[in-house]
Amino acid sequence: MKGWFYCLSAALLFLVACNSEPKREAPENTSVESDGLEIVKRPYRNSEKIEYEISVVKGTTIKHGIQKRYYLHGSLYSTIPYVAGKKQGVACTYYQAALDSEPQIWKEQPYEEDELHGICKRYHRDGTLQAEYEYKNGLRAVGLKEYTESGKEIEEPKLILTKHRVATGVLIQARLSDNYDNVDFYIGELTEGKYLPQNMKALQTRNDVGETVVSQTSGTITITAEYSTRYRNRGVVSNSINL
């Protein structure tokens, strides 16, 4: 599979080079690499310090290789692998570090064909695991495993649903079992019963309670909540209620 992938990448690179955009003016900092690539260095605004180092197909703006980003003081902020203009591989983000020390990884995010795909991980500053959560083809999965600095797993909140008959149908109310910030509630079926689709209908929220009225009076309704934790991770929980 790996051999097939690299052959495909080489073919894509050849096609891109043959059908490239008109040659642009060279940025202030451009250096020729190898295999038809060049490194473009972009400084911070109003500064000579480099913010980005971007590997592109020579003579184009198509990213191919590792893009690096730096904090203003110079330590590494992130690395993102690209293949023929699309994110492909594990992107990493780092905590700010002193210039003479190795940066500590903060986030690992796997990509396939420019979309998040796989298990994402976050780490505490001491290197211990902070969180794990999953994506598939860019869709976020239900579930968040989160850990304290000592390694203790933090229990996820439960999504509590209640129903009340009203004149126009059934009023469904949703709330989390614990207090969390920035809670959003959605109604609708999950993709493969696990992944949060794009453009799901949001519920109105009042006093941290999501509410919706459905006209149907039988069947099952699925509600999903997305919330922020004290470590600033986003968790997703889902539950269904029979009408």
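Strands, in the sense used here, are DSSP runs of type E with at least two residues, numbered from the N terminus. The exercises below apply this to a predicted model.

**Exercise 1. In which strand is Gly-89 found, and is this residue buried, exposed or partly exposed?**

Step 1. Gly-89 belongs to strand S7, a run that covers residues 89-94.

Step 2. The relative accessible area of Gly-89 is 25%, and since buried means under 20% and exposed over 50%, with partly exposed in between, Gly-89 counts as partly exposed.

Step 3. Leaving aside residues up to four places away in sequence, Gly-89 touches Pro-81, Gln-109, Pro-110 and Tyr-111. For one of these, Pro-110, the C-alpha atom is separated from that of Gly-89 by 5.5 Å, although the two residues are 21 residues apart along the chain.

**Exercise 2. Describe the secondary structure of the protein chain, and then work out which strands stand at the edges of the open sheet that contains S22.**

Step 1. The protein chain has one helix and 23 strands.

Step 2. Four of the strands make up an open sheet, in which the order is S19-S17-S22-S23 and the pairing is antiparallel.

Step 3. Strand S19 (201-202) and strand S23 (234-242) each have a single partner strand, so they stand at the edges and one side of each is left without a neighbour in the sheet.

Step 4. Strand S22, residues 220-228, runs antiparallel to S23 and is joined to S23 by nine bridges. Within this part of the sheet, Thr-222 is placed opposite Ser-240 of S23.

**Exercise 3. Identify the residues with the most contacts inside the largest nonpolar core, and trace which strands and domains supply that core.**

Step 1. The largest nonpolar core consists of 29 residues, and those with the most contacts inside it are Leu-159, Ile-172, Leu-176, Ile-221 and Ile-223.

Step 2. At least two residues of this core come from each of strand S5 (76-83), strand S11 (129-136), strand S15 (159-166), strand S16 (169-176), strand S17 (181-187), S22 and S23.

Step 3. Domain 1 (37-153) and domain 2 (157-242) each contribute at least three residues to this core.

Step 4. Ile-223 serves as an example, and its contacts, not counting residues up to four places away in sequence, include Leu-159, Leu-161, Ile-172, Ala-174 and Val-237.

Step 5. A second core, separate from this one, has six residues, among them Cys-92, Tyr-94, Ile-105 and Tyr-123.

**Exercise 4. What percentage of the residues of the protein chain count as buried, and what percentage of the accessible surface belongs to carbon and sulfur atoms?**

Step 1. The protein chain has 243 residues, of which 40% count as buried.

Step 2. The accessible surface comes to about 14700 Å², and carbon and sulfur atoms hold 48% of this area.

Note on methods: Residues numbered from 1 in each chain as written. Predicted model: local features only at pLDDT ≥ 70, side-chain atom pairs only at ≥ 80, totals over all residues. Heavy atoms only, no water. Pairing = 2+ DSSP bridges. Buried < 20%, exposed > 50% of the residue type's maximum accessible area, 1.4 Å probe, protein only. Areas by Shrake-Rupley, 256 points an atom, 1.4 Å probe, with all protein chains shown as cover. Contact = heavy atoms within 4.5 Å. Core = buried A, V, L, I, M, F, W, Y, C linked by side-chain atoms within 4.5 Å. Domains from an automatic or database assignment.
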